[in-house]
Amino acid sequence: MTLLLGIDIGTSSSKGVLTRPGGELAAQAVREHRTSAPRPGWVEHDAEAVWWQDFRELAAELMAGAPAGEPLAGVGVSGIGPCLLPVDDAGIPLRPAILYGVDTRAGEQIAEQTERYGADEIKRRGGSALSSQAVGPKLAWLRQCEPEVYGRTRRWFMASSFLVHRLTGEYVLDHHSASQCDPLYDLSAHAWIEDRCEEIAPGLDWPRLVWPSDVVGVVTPAAAATTGIPAGTPVVAGTVDAWAEATAVGATGPGDLMLMYGTTMFLVNVLGAPVSGGTLWGTAGAFDGTYCLAGGMATSGAVTGWLRDLTGASYETLVAEAAELPPGAEGLLMLPYFAGERTPVSDPDARGLIHGLTLRHGRGHLYRAALEATAFGVRHNLAAMTETGGDIRRLVAVGGGARSLWTRIVSDVTGRVQELPRHTVGAAYGDTFLAAVGTGLAAPGDIAAWNPVETVVEPDTGRAARVYEELYGLYLDLYPATRDAAHTLAARQHADA
């Protein structure tokens, strides 16, 4: 029997797993880390202290505890994305990595590039409108706002591609990750748009494009010495964590939708043809021949974590108190835009709101309202996907919050069934499957046997549905009614930073 290693770098933690061909989970490990927010709208990771250190520690722990006599057949990696990590000639990071859509610093560059290339043309070629999710504006921000750093930059990485480089020395990026580098990637041609690349980020080397399950190199002796992974082990390219998670739970065919419960909420709807995303993101899929329509909320689990820290209560206590309350948290309604919002609002200066507070409301009410707010945001995204041309026939849940009160509330609010597979450990599990495909130990369709559905969450069609239908209408009204005030407060926050 052989083993496969998968490691994923998340927003607030990194996870690693060992699996056997066929999907059996042999071991897993976790490392928590901090995300830096040095200014309002800035969200960063230290690539050495977070990405590479977490990887080394997880790999060393898992390899040290690996079952004797079971060799390692392949390595897969994934991570938050799209990110921007500039490095020098030697591959040394020149500044902290600028994270995905939760980092909203490049607003001026988004406007400049939208005017320069045209909003319709950007969506036509790349599938998505420019937003805080896009890499192109962040490259322009680096060039304009940190010219001394840009002047030393020769290459740039995302979390997964940085790990692949450290393990193999190869400079590659998978097609899915590249498809989130708007306005620099042509979705139909599966290629960089070379004239835009040179105009926006002149003088840089650009990574070779591959698919997530492609073997791109082997672990070098130097990497083996620091990770415990045997030299010569094949490494696949990997991808952005949400797409590895979609792979992990079998959301790989047209009509499938993966709902990822985590620090942020992410939705990936798999399609058979490219779709221009409107306020959503049209991307390449994890496998050649597939495309996706994706959406993401800027916060979800981050708000529940904030409440935990604020109240000093454990998650178990907060969940128990929230579960005792009726749908609607006794007249409390929250907008979860604590870090702006990505889709479908696409407003980095949106702000969180807790509406209806009275003196009788306690921490359990706030916690339930936060879970319900996330569920309303999911429903808002599902509606936008359907209107944009999405194909939603099946919802599969994954992530740290997938087996909880949270899942029940989302089904009740959306009116949709959710399937929960046997393993919901997340992207790291998908990484091992991609490694199995790349090394010939599995075919893309084998994931259904690797990770079969074990639980189905049915929505409540009674009182909860009626309550949530009314509250959802109020939820949709709250943002436009308070947008101007939120923008004024956001401007004050930026000025005070």
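This section describes a strand hairpin, two nonpolar cores and several helix contacts in a predicted model.

Near the start of the chain, strand β2 (residues 13-19) and strand β3 (residues 25-32) run antiparallel and are joined by 7 bridges. One of the residues in this pairing is S13, whose bridge partner in β3 is E32. The hairpin formed by β2 and β3 has 5 residues between the strands, and within this hairpin G22 adopts a positive phi near 110°.

In soluble globular proteins, nonpolar side chains tend to be buried together. In the present model, the largest nonpolar core comprises 76 residues, and W51, W156 and I229 have the most contacts inside it. The element that gives the most to this core is helix α1 (residues 47-64), with 9 residues. When residues up to four places away in sequence are not counted, I229 touches L5, F55, A59, M63, L72, V75, L167, V219 and A224. A second core, separate from the largest one, contains 54 residues, among them L280, V303, L332 and L405.

V303, a member of the second core, is also one of the buried residues of helix α11 (residues 301-311), which are G301, V303, T304, G305 and L307. The elements that cover these buried residues include α12 (315-323), β20 (333-335), α13 (363-388) and α14 (405-414). Helix α11 is followed by G312, for which phi is positive, near 80°.

Two helix pairs were examined for their packing geometry. Helix α2 (residues 107-117) packs against helix α3 (residues 119-126) at an angle of about 90°, and their axes lie 6 Å apart. This angle makes α2 roughly perpendicular to α3. At the contact, Q113, T114 and Y117 of α2 meet A119, E121 and I122 of α3. By class, these contact residues consist of 3 nonpolar, 2 polar and 1 charged.

The other pair involves α14, one of the elements covering the buried residues of α11. Helix α14 packs with helix α17 (residues 463-496) at an angle of about 70°, with the axes 8 Å apart. Because angles of 65 to 115 degrees count as roughly perpendicular, α14 and α17 are therefore roughly perpendicular to each other. I409, D412 and V413 of α14 make this contact with A464, A465 and Y468 of α17. The contact of α14 with α17 contains 5 nonpolar residues, no polar residues and 1 charged residue.

Note on methods
Residues numbered from 1 in each chain as written. Heavy atoms only, no water. Pairing = 2+ DSSP bridges. Helix = DSSP H or I, 4+ residues; strand = E, 2+ residues; numbered from the N terminus. Axes fitted to C-alpha atoms, helices over the stretch in contact; angles between N-to-C directions. Parallel < 35°, antiparallel > 145°, perpendicular 65-115°, else oblique. Contact = heavy atoms within 4.5 Å. Nonpolar A, V, L, I, M, F, W, Y, C, P; charged D, E, K, R; others polar. Core = buried A, V, L, I, M, F, W, Y, C linked by side-chain atoms within 4.5 Å. Buried < 20%, exposed > 50% of the residue type's maximum accessible area, 1.4 Å probe, protein only.
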